[in-house]
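Visitor: Could you take me through the cysteines and aromatic rings here, with the rule behind each label?

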Amino acid sequence: MNYADSLYPHLLGFVTESGFRFPQLDIAWKSWGRLNEARDNVVVICHALTGHADAEEWFSGLFAESGILNPKEQFIICMNVPGSCYGSTSPQSVNPETGLRYGSAFPVLTIRDVVRAQQLVLDHMRVKQIQLVIGGSMGGMQALEFAAMDRRVQSAVIIAAGARHEAWAIGISEAQRQAIAADSRWKGGDYAPGEEPVQGLAAARAMAMLTYRAPQQFSQRFGREKRDEGSFQVESYLRYQGEKLTQRFDPLSYVRLTQMMDTHDAGRGRGGLDTALAAIQIPVLVVGIDSDLLYPTAEQRSLAGKLPNSFYREIRSEYGHDAFLIEFRQLNNLLIEFRHHLKHHAA
């Protein structure tokens, strides 16, 4: 499945932080609106773990009439991260030098690798200025790295993500990877097409869903109700979510992207978090979610406290981590407030 509006072909000889060289790296992307003559009306949206370039599908509330995204004035672009299975180069892509799929040879990328690849696409478009970069969860990690790495960025919004991946989140990711590896079809990641370790991926997704939502939401939605065959409704829900993901996502991509998220540390190689974040002078809105179990609000508060020109706001929701994909009214209100602040200080 390819959600891309276009494919930027052949970032030739792209070398990752680990030293792995891609003969070519393809980046799938989708855009809305037009790049203006000054090439400075750009908004970059960064997607989460199993997201894709069609941001209008999963960030629909920001594209609505009441939303902050306006294709009539802005050039909005979302790029599928390399390693994902929605059009960009992934573990199931063919290495042009060998004629074989990358498979387990596909490297663990870093968030910085991803942002650097996206920067090259924007360079190719001759983008002069990025009004805003925005993302939630893994997308928030990318947005933070964009703010640190690209001087064209004028403002950033980081939602439900922290300055680095902490042990709790790394542990959750590792438990999911172990579930995938326990599937007899895993074969170290070198499984054949049509023989994917879908049971392992489904189990990993079930684990993830428990961290994406909040306990009270599960209680209110499912309680202890059972289905006719005797299983709890929450069991059926988790099985459904697991099976649903196996129909659209590659298990090795899931493993590599969770490993990539574990590399996230804005202070790495920059003198530590305090020094690295103090160097980001642009306005940054940091948004936490009061019921987020995966990335608790203490992480967003800490991030905002280390950014010299930041604003911390909080979404109140029973939906947990997933609230940034659900509570669009609250999110839009926060973004509109942030935009008004930017306009006031620019005047």
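**Labels and their cut-offs**

Guide: At 9% relative accessibility, Trp32 is classed as buried, a label given under 20% relative accessible area, with exposed meaning over 50% and partly exposed in between (1.4 Å probe, protein chains only). This is a predicted model, in which local features need pLDDT of at least 70 and side-chain atom pairs count only at pLDDT 80 or more, while totals for chains, interfaces and linings use all residues. Residues are numbered from 1 along each chain as its sequence is written, and side-chain values use heavy atoms, with hydrogens and water left out.

Visitor: Why is Phe63 called buried or exposed?

Guide: Phe63 has 13% relative accessibility, so it counts as buried.

Visitor: What makes Phe20 partly exposed?

Guide: Its relative accessibility is 24%, and therefore Phe20 falls in the partly exposed class, whereas Phe22, at 0%, is buried.

Visitor: Why is the pair of Trp32 and Phe63 called tilted?

Guide: Rings of Phe, Tyr and Trp (its six-membered ring) pair if their centres lie within 6.5 Å, with planes under 30 degrees apart counted as stacked, over 60 as edge-to-face and the rest as tilted. The centres of Trp32 and Phe63 are 5.0 Å apart and their planes stand at 55°, so this pair is tilted.

Visitor: How do you know that Cys85 is in no disulfide?

Guide: A disulfide is a pair of cysteine sulfur atoms within 2.5 Å. The closest cysteine sulfur to that of Cys85 belongs to Cys78 and is 14 Å away, which means that it is too far for a bond. Searching the whole structure gives 0 disulfides.
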